[in-house]
Amino acid sequence: MSEAFETTVAPDMPQVRDWLARLRLQQGLDAARQVLHMLRLRHPHHAGVQELLDWHDAQWWQPLQFGGIRLVRRAPEHFEFVWSVVLNKAFAAKLKHIPDQLTARDLLHILTQDQTTLLPESRSIQWVVFKGDQPIGLAMFVNINFRNRTAEHIMGLLPGHDVSVLVGDAYCATLMYAFHCLGLNKVLGLIYGSNREVAEQQERLGFEREGLLRQAVWNDAQQGYEDLLQIALLREAFEHNRVLQGIRRRRPHDALFERQREWPRYPLS
């Protein structure tokens, strides 16, 4: 490669990541990708540059179809729907990830961060669940830990959709994403003690109850502490679960769900 495109001066990766974060926020993901491609031309063998390119890949933002639902990365364009979820206090409380005092301004900031922050930096990924063109719920993985290959799974479908075949589609889609696309080994669920029906629903899909965290969180509505039920699903259990694997075989889905990846235990370090 000519000297015009390759240099022996290695890039300062923390500065590059900060610069790309500003670029994504101000000019969008495509602008950041273009800069990264140019940087790779200059440093074709630099592992850090290639890793940044991997985490900027469009696959992390593409809508994903599974059976009767579609997962769309949460973004400012979904403000109206997500704000309606925030205002639905009973439903929002079950999701456990929506602060009680969230303002519209706060939400818009969060949705912008969702859209522009790289997954290993936020340690989370959030989707709006669609049925056709209708948003029907939210799904997410938070507290993603690549070292331990774990994450917490949170999902809620609106009443009227939460007892249909779409529930199986949404669970199977997000779990395949966790175990295949993210390369995780264990998915956790931390569920309010007052929401035991959700734990029972997930247990029917192969999750196992691991314990009870007594008085683990403060509940503003009840003005008291509340227990959390911890349930979990291991990758090996997922691959052998008859219910989930039956859904996987029967329901058409995007090829990305079947692509098995493994990521560094300390990404972007």
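1. Leu-87 is a residue of helix α4, which spans residues 79-87; helices here are DSSP runs of H or I with at least four residues, numbered from the N terminus. The structure is a predicted model, in which local features need pLDDT of at least 70, side-chain atom pairs count only at pLDDT 80 or more, and totals for chains, interfaces and linings use all residues. Residues are numbered from 1 along each chain as its sequence is written, and side-chain values use heavy atoms, with hydrogens and water left out.

2. Leu-87 has a relative accessible area of 52% and therefore counts as exposed, given that exposed means over 50%, buried under 20% and partly exposed in between, with a 1.4 Å probe and protein chains only. Its C-alpha atom is separated by 31 Å from that of Gln-59, although the two residues are 28 apart along the chain.

3. The largest nonpolar core contains 62 residues, and Ile-144 and Tyr-177 have the most contacts inside it; such a core is a set of buried Ala, Val, Leu, Ile, Met, Phe, Trp, Tyr and Cys residues joined through side-chain atoms within 4.5 Å. Helix α8, residues 165-181, supplies the largest share of this core, with twelve residues. A second, separate core has 18 residues, including Val-85, Val-86, Phe-91 and Leu-107.

4. Apart from neighbours within four places in sequence, Tyr-177 is in contact (heavy atoms within 4.5 Å) with Trp-60, Leu-64, Ile-125, Trp-127, Leu-182 and Phe-257.

5. Helix α8 also meets helix α11, residues 242-250, where the two axes come within 10 Å and cross at roughly 95°; axes are lines fitted to C-alpha atoms, for helices over the stretch in contact, and angles run from 0 to 180 degrees between N-to-C directions. The crossing angle makes α8 roughly perpendicular to α11, a class that covers 65 to 115 degrees, whereas angles under 35 degrees count as roughly parallel, over 145 as roughly antiparallel and the rest as oblique. On the α8 side the contact involves Gly-168, Asp-169, Cys-172, Leu-175, Met-176 and His-180, and on the α11 side Leu-244, Ile-247 and Arg-248.

6. For helix α1 (residues 13-27) and helix α3 (residues 47-55), the axes come within 11 Å and cross at roughly 25°, so that α1 is roughly parallel to α3. Met-13, Val-16, Arg-17 and Leu-20 of α1 make the contact with Gly-48, Val-49 and Leu-52 of α3.

Definitions and conventions: Helix = DSSP H or I, 4+ residues; strand = E, 2+ residues; numbered from the N terminus.
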